[in-house]
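Subject: Structure handover

Hello,

Here is the structure I promised to pass on. Please open it first, then read my notes below.

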Amino acid sequence: MTEPSAAPPTDAPPNSPGAHGLENLLSEERRFPPSSEFAAQANATADAYAWANADRPGFWADQARDLLTWSTPFTQTLDWSDAPFARWFADGRLNAAYNAVDRHVEEGRGDRVALHFEGEGGDTRTLTYADLLREVSRAANAMTALGVRTGDRVAIYLPLIPEAVVTMLACARIGAPHSVVFGGFSAEALSSRILDAEAKLVVTADGGFRRGKPSALKPAVDEALAKGAPSVAHVLVVRRTGQPVEWTQGRDVWWHDAVEAASPEHTPVDVDAEHPLFILYTSGTTGKPKGIFHTTGGYLTQAAYTHLNVFDLKPETDVYWCTADVGWITGHTYVVYGPLLNGATQVIYEGTPDTPHRGRWWEIVQKYGVTILYTAPTAIRTCMKWGAEIPGKFDLSSLRVLGSVGEPINPEAWMWYRRVIGGDRTPVVDTWWQTETGAIMISPLPGVTAAKPGSAQVPLPGIAADVVDDDAQPVPNGGGGYLVLTEPWPSMLRGIWGDPERYKDTYWSRFAGLYFAGDGAKKDDDGDIWLLGRVDDVMNVSGHRLSTTEIESALVSHPWVAEAAVVGATDETTGQAVVAFVILRSDVVEGNAADAATVQETLRTHVAKEIGPIAKPRQILVVAELPKTRSGKIMRRLLRDVAENRQVGDSTTLADSSVMDLIAQGLATPVAASED
Ligand code: WT7
C-alpha cells in the first residue's frame, strides 16, 4: 500500500486503491501523445495554459463571452471579496435554456439532432433542436400553469428518458432551480431532499425499464409525500411503462394532459448570472446529504468550455455519448448543459449495459456512430471481465475520444479502454472533478497532453490545483498529500443549500484559503497529479458517492442493530464496496431471533429502503464488539483490513486490544451476500 507521505487524518479510509495497481504509479512510463493528425485538428492548443495563467479571470471572461449568449453582458468578472462565497459575471443576465436550445434554432441549427434516445427495450426517439425547443417551451408553460414561479424549486425523479432533459431545461427556462433525485434512491431519501429544498412541484414517471422489466417510481413519490411535504402542490407524472398508478386527485397531473396541451411558445426568463440553476444532493461525511447548489453564468461557462475542449467536440460531425444518469452531476454537466450549450448531437440510453445482452453499449456505439464516449472505470472494468470478444463483435471505428470519470482508473483498465474500445487509436482523458466543482478540473487535453495511463495529470487552463501536506505546504514532485484547489473557478459550488456554515466548515476550514476536495493525491516525478481516493468518510462505489455515516445511521435505525460501522473495502470491479460490521441487540442474539443469513438479508433490504439499492452493503458481518480508540472513535482502518482480508495493522491505540481477535474469530464462517 502506498500512503501519501502526509498521513491522512486518523482513521481515514485508505487512499490507495491498491488492488488496481496504483501502487506502481511512480514507475508508470507509458506515454500516449496525440497523433499529429489529432493534434492538428484539436480545439484546444497548448498555448491555452499560458494564456489562462497570465490572467485567469480574464481567460474565463473570454470563454463566458465566446461560449454563451448574454441578454445583458457582464462587466464584472470575479468578485471574491466575500470569500469563500464567489460571484462570477454577477452583473450579467442570461437564460440557461435559451443558451442550450433556442439560440441553435435561431441560428439555423434547428434540424440538427439534439438527442438520440434509446430505450432499454429498444424503443427510440429522435429530438432535433427544434423539437427540443417546442417540448421545453410546452413543459415550461405547463409548469407555470401549475404555479411554479421563478425561484421555486422543482424536484425531478425520473428515469433517463427525454422528459428528464426536457424538465431540467424547462425549469431553467423559468428560473426555477431543479433538484434531480436519482431514480435509484428510496422514498426516504427522496422525502428528505424534497423537504430540504422545499420543492413546489415533483416531476416523476409511472416507472422506467430496468433489466428488461418495468420498475416503478411513482409509489416512492407517493410514499415520500405521505410523510408530509407542505411545500409540494403538484406531482407531474410521465407515462413511461404504462403500469397502474395510485392517483391523488387535485395533486397529480399527467404529463401528457398538461404538457402536450400547452403552447409551444414560451419566452425564457432572464436571470442574474448568480441565480441558482440547480441543487444536487451528495453524500458528505455526516449523515445528512448536502444540497450542493450551482448558479447560472459561471457554471454554464465552465460546462461549455470543458465539454468543447476536453472532448474536442466538433458539433457538426460528432456523435457524443455520456453514459451517466441525469441523477448525478455528470449527467447535469455532460448530458444536459455542456453538450446542449455546444449544440452537440448526443445519445442517451435508459438501460443497463447488459440488457438484453452484454454487447448492448457497443451495439449502440455502432448503431449511432458514436465518436466520443464518456463513462466510468467501474463500467470499463465490468466490460473487461466480460471479455474483449464482446466489443470485438461490433464496429467501434467511429470512436475518436474516450473519457473516464468518477473514480481513479487503474492503468490496466485505462490500457484496455484505449486498446479494445479505442482501437489503440483514440486519446483517453481521465477527468477529475466533483459534484461541488460542477465541471472538469483536472484532465489531459486530448490534442495536447501526452497521456499517462492512470493519471488525471494536469489542471485545465484556468484551473489551479495543488497537492499539499498537513501544514498546507505544497508537496514536492514524488510526494503525496491532499488535493486542494487554490483559486476560485467559475463552476464552483456557491454553497450548501440553507447551510452556509457547513459550506465553510466542509471545504474551507481544513486549510486556510484553500478548497479541500477530500481526495488524497500524489505528484509524480513529472509533477503530474494522481488521484488516490477519498481521505474522509466518503466511499466511492461504482463511481457513486456514499457516506459511511449515512449507511451506519440507516443500519442503527433497524430495531435489531445496537451499533454499526461501515467501511469501503477495495473491490475489483466497483472500486469500493460497502462492508458493514454490526453489533446486534442482546435480545436478538439471546433469543436467537434470526440466523446470519436472515440478518444479512433483512439489514441489506433495510438499507435499500432507507437510502436506495446502491447503498446496500456487499457484506454484513455480525460482531460482538467494534474496535474503538480510548476516546470512543471507531477504528475503521482495522475493519478495512478485515474486510479486505489483510493482516490487521497497528492496533495499539485500541481501548481493548482483544477486540480484533474476537472479530477475527467471528469471521471464521462469514456469510457472503447474495448477488443483486
Ligand atoms: C469524487 C466526486 C465528477 C463526477 C462523478 C463523481 C472521485 C471523480 C475521478 C477521477 C479519481 C475521481 C473523487 C471525487 N473522482 N473523478 N477521474 N479520478 N477520482 O462526482 O459523486 O461528486 O464524487 O469522485 O474521489 O472527490 P461525485
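A salt bridge here is a side-chain nitrogen of Lys or Arg within 4 Å of a carboxyl oxygen of Asp or Glu. Keep that cut-off in mind for the first section. Note also that this is a predicted model.

**Salt bridges**

The structure holds 44 salt bridges. Start with Glu-107 and Arg-109. Their closest N and O atoms are 2.7 Å apart, so the pair falls within the 4 Å limit. Where do these two side chains sit? Glu-107 has 48% relative accessibility, so it counts as partly exposed. Arg-109 has 24% relative accessibility and therefore also counts as partly exposed.

Next, look at Asp-102 and Arg-173. Their side chains form a salt bridge, 2.8 Å from N to O. Asp-102 belongs to helix 4 (residues 96-106) and Arg-173 to helix 6, so the pair ties together parts that are 71 residues apart in sequence. Are Asp-102 and Arg-173 buried or exposed? Both are buried.

A third pair is Arg-400 with Asp-312, at 3.0 Å from N to O. This one links distant parts of the chain, 88 residues apart. Arg-400 is in the loop between helix 14 (389-392) and strand 19 (401-405). Asp-312 is in the loop between helix 10 (297-310) and strand 16 (319-322). Both Arg-400 and Asp-312 are buried.

There is also a network of salt bridges. Which residues does it link? They are Arg-31, Lys-452, Asp-524, Asp-526 and Asp-528.

**Helix 6 and its neighbours**

Helix 6 came up above, as the home of Arg-173. Now see how it packs.

Take helix 5 (residues 129-145) first. The axes of helix 5 and helix 6 come within 8 Å and cross at roughly 65°. The crossing is right-handed. On the helix 5 side, the contact residues include Leu-132, Leu-133, Val-136, Ala-140 and Met-143. On the helix 6 side, they include Val-166, Leu-169, Ala-170 and Ile-174. Arg-173 of helix 6 takes part in this contact too. The contact residues divide into eleven nonpolar, three polar and two charged.

Then turn to helix 11 (residues 329-341). Its axis and that of helix 6 (residues 162-174) come within 11 Å, crossing at roughly 60°. This crossing is right-handed. Helix 6 contributes Val-165, Met-168, Leu-169 and Ala-172. Helix 11 contributes His-332, Val-336, Tyr-337 and Leu-340. Here the split is seven nonpolar, one polar and no charged. Leu-169 of helix 6 appears in the contact with helix 5 and in the contact with helix 11.

**A four-strand sheet**

Four strands form an open sheet. In what order do they run? The order is 21-22-24-25, with antiparallel pairing. Strand 21 (465-468) and strand 25 (529-534) are the edges, each pairing on one side only. From one strand to the next, the twist averages 45°.

Look at one edge in detail. Strand 21 pairs with strand 22 (residues 480-485) over four bridges, in the antiparallel sense. Ala-465 stands opposite Leu-485 in strand 22.

**Helix 16**

Strand 24 (515-523) also helps to cover helix 16. In helix 16 (residues 500-508), the buried residues are Arg-502, Tyr-503, Tyr-507 and Trp-508. Their cover includes strand 15 (290-295) and strand 23 (495-496) as well.

**Strand 29**

Finally, find strand 29 (residues 575-584). Why is it described as largely enclosed by the rest of the structure? Ten of its ten residues are buried, so the description follows.

Strand 29 has a partner in strand 28 (residues 561-571). The two pair in the antiparallel sense over ten bridges. They form a hairpin with three residues between them. Within this pairing, Ala-577 of strand 29 is the bridge partner of Ala-569.

Strand 29 also joins strand 30 (residues 619-622). These two run parallel, through four bridges. Ala-580 stands opposite Ile-620 in strand 30.

Best wishes

Key. Residues are numbered from 1 along each chain as its sequence is written. This is a predicted model: local features need pLDDT of at least 70, side-chain atom pairs count only at pLDDT 80 or more; totals for chains, interfaces and linings use all residues. Side-chain values use heavy atoms; hydrogens and water are left out. Buried means under 20% relative accessible area, exposed over 50%, partly exposed in between (1.4 Å probe, protein chains only). Contact means heavy atoms within 4.5 Å. Axes are lines fitted to C-alpha atoms, for helices over the stretch in contact, and angles run from 0 to 180 degrees between N-to-C directions. A crossing is left-handed if the near helix is turned anticlockwise from the far one by less than a right angle, and right-handed if clockwise. Ala, Val, Leu, Ile, Met, Phe, Trp, Tyr, Cys and Pro count as nonpolar, Asp, Glu, Lys and Arg as charged, and the others, Gly among them, as polar. Two strands pair if DSSP finds at least two bridges between them.
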